[in-house]
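I opened my notebook to look into the packing of one helix and the empty spaces in this fold. Here is what I looked up, entry by entry.

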Amino acid sequence: MKVSMRWLALLVACGAACASDHVARGWDHFYNLEFDEAAAEFRKALAEDPNDIGPHNHIAQSIMFKLMLRTGALESELVTGTNPFLRRAKLEPTEAERRAFHEQVDTALHMARTRLAANPRDKEAWYAQGVAYGLRANYNFLVRKAYLDSLRDATNARKAHDRVLQLEPGNVDARLLQGAHEYIVGSLSFGYRMLGFLVGFRGDKENGIRILEKVAREGDRNKVDAEVMLAAVYRRERRPKAAIPLLEDLIRRFPRNYLFRFELSQMYADAIDKDNALRVLAEIERLKREGAPGYRNLPAERIYFSRGVVQFWYREFPQAIENLTRVTARAEELDLNTAVTAWLRLGQTYDLTGDRAKAQNAYRAAIALAPESDQAKEAREYLNTPYRRKG
């Protein structure tokens, strides 16, 4: 199994107390996947108080998440499986996104350092500095593919929030990044943990989970982030039943976020509950059909994809082929992760039904669509040896 550094972004989303109406509205937009609207509200908050560091981090976070949503990188499926820790497709921001992200993070870091030079006990400045480093760690990992720089920034983020805890031991929210770092470093190979800036910090997956659970129960501004992170971690640890109530709570609070419903369907599927997995997908389909906010522009192929994958795992092969074929027919219009995975699953389904020629054609399509992806690597294996499922 693997875990992606991109989840650090989820952990530092609410980098300052939601002190204004604009910030509160911004986070409501943010968790409902409305990132442009979120950034607009955060900019209004910044205009009200130019000395507040938090909105700079919030704007950068909105830019990063818009990019991740566009490329299909906000799915817990991407933190599960059997691939190594560092195998992740590179994100490609526009030049405007790249410039805006760095401008906001650099400003946040400069403001935090200035305040800390004047008052080394400024808890909010330490907190904001940790958030900014965490955001840059995420950018270095996903965009630059600069893994050592990413881990170094993540370590600096943890140290900044450790300082917050020294100044305010009861600050539960400041423990979120600590819990994430415990879990992520605990998931790294021995070689990476021996890097100089990680010496003395082994990481502990179980302790990391306990910390995240505490923040999810008792946190204020980071409660939502802890729930999102835990849902992904529980899936990675093969504990889907633990993720289900978290996702149900997130759906109740942020009903326009269709990703939470897709995740809930997947958790039911992982928990060997096919009926509820398909029920949730039917609910998404109904919301789209009725033009519900957040669902109106959701591509129908995204629903067909999730339904086809559930049917693939439950050996309903004719139905899986029908739905996955609908997806691959419009692969070029979908996010890369959905499109290339659909081709891979379609090839595997054809192999399981004995149609070798169609299977090989599907594998070739997956490879052509995203040659460097994990899915393409897997597809290459099945070009010569048919896919067979164990168990």
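**Entry 1: ground rule.** I count two residues as in contact when they have heavy atoms within 4.5 Å. The model is predicted, and I kept that in mind throughout.

**Entry 2: the whole chain.** I started with the secondary structure, and the chain comes to 19 helices and 0 strands. Of its 391 residues, 59% count as buried. I then checked contacts between residues at least 6 apart in sequence, and 65% of these join residues at least 24 apart.

**Entry 3: helix H14.** I picked H14, which runs over residues 274-289 and has 16 residues. From first C-alpha to last, H14 reaches 23 Å, close to the 22 Å expected at 1.5 Å a residue. Which residues of H14 are buried? I found Ala-277, Val-280, Leu-281, Ile-284 and Leu-287. They sit on the same side of H14 because they cover an arc of only 115° around the axis. On the other side of H14, I noted Asp-275 and Arg-289 as exposed.

What covers the buried residues of H14? By the contact rule above, the cover includes H13 and helix H15 (300-313). Just after H14, I also spotted Gly-291 with a positive phi of about 70°.

**Entry 4: the second largest pocket.** I met H13 again here. The second largest pocket holds about 650 Å³ of space, and helix H3 (35-48), helix H4 (54-70) and helix H13 (258-270) are the elements that give two or more residues to its lining. In total, 26 residues line this pocket. Which of them lie nearest its centre? My list reads Leu-33, Leu-69, Tyr-258, Asn-297 and Pro-299. By class, I sorted the pocket lining into 10 nonpolar, 5 polar and 11 charged residues.

**Entry 5: the cavities.** Next I turned to enclosed space, and the count comes to 2 cavities of 30 Å³ or more. I followed up the second largest cavity, which has about 40 Å³ of space. Its lining consists of Ile-63, Met-64, Leu-67, Pro-93, Glu-97, Arg-98, Phe-101 and Tyr-139. H4 turns up once more: H4 and helix H5 (95-118) each supply at least two residues of this cavity lining. How does the lining of the second largest cavity divide by class? I get 6 nonpolar, no polar and 2 charged residues.

**Entry 6: to keep.** H13 helps cover the buried residues of H14 and also gives residues to the lining of the second largest pocket. H4 contributes to that pocket lining and to the lining of the second largest cavity.

Note on methods. Residues are numbered from 1 along each chain as its sequence is written. This is a predicted model: local features need pLDDT of at least 70, side-chain atom pairs count only at pLDDT 80 or more; totals for chains, interfaces and linings use all residues. Side-chain values use heavy atoms; hydrogens and water are left out. On a 1 Å grid over the protein atoms alone, a cavity is a set of points where a 1.4 Å probe fits but cannot get out, and a pocket is an open set with protein on both sides within 12 Å along at least five of seven lines; lining residues have an atom within 4 Å of a point. Grid points are joined across faces, edges and corners, and a volume is the space filled by probe spheres set on the points. Helices (H or I, at least four residues) and strands (E, at least two) are DSSP runs, numbered from the N terminus. Ala, Val, Leu, Ile, Met, Phe, Trp, Tyr, Cys and Pro count as nonpolar, Asp, Glu, Lys and Arg as charged, and the others, Gly among them, as polar. The expected span of a helix is 1.5 Å times one less than its number of residues. Buried means under 20% relative accessible area, exposed over 50%, partly exposed in between (1.4 Å probe, protein chains only). The arc is that of the directions from the helix axis to the C-beta atoms.
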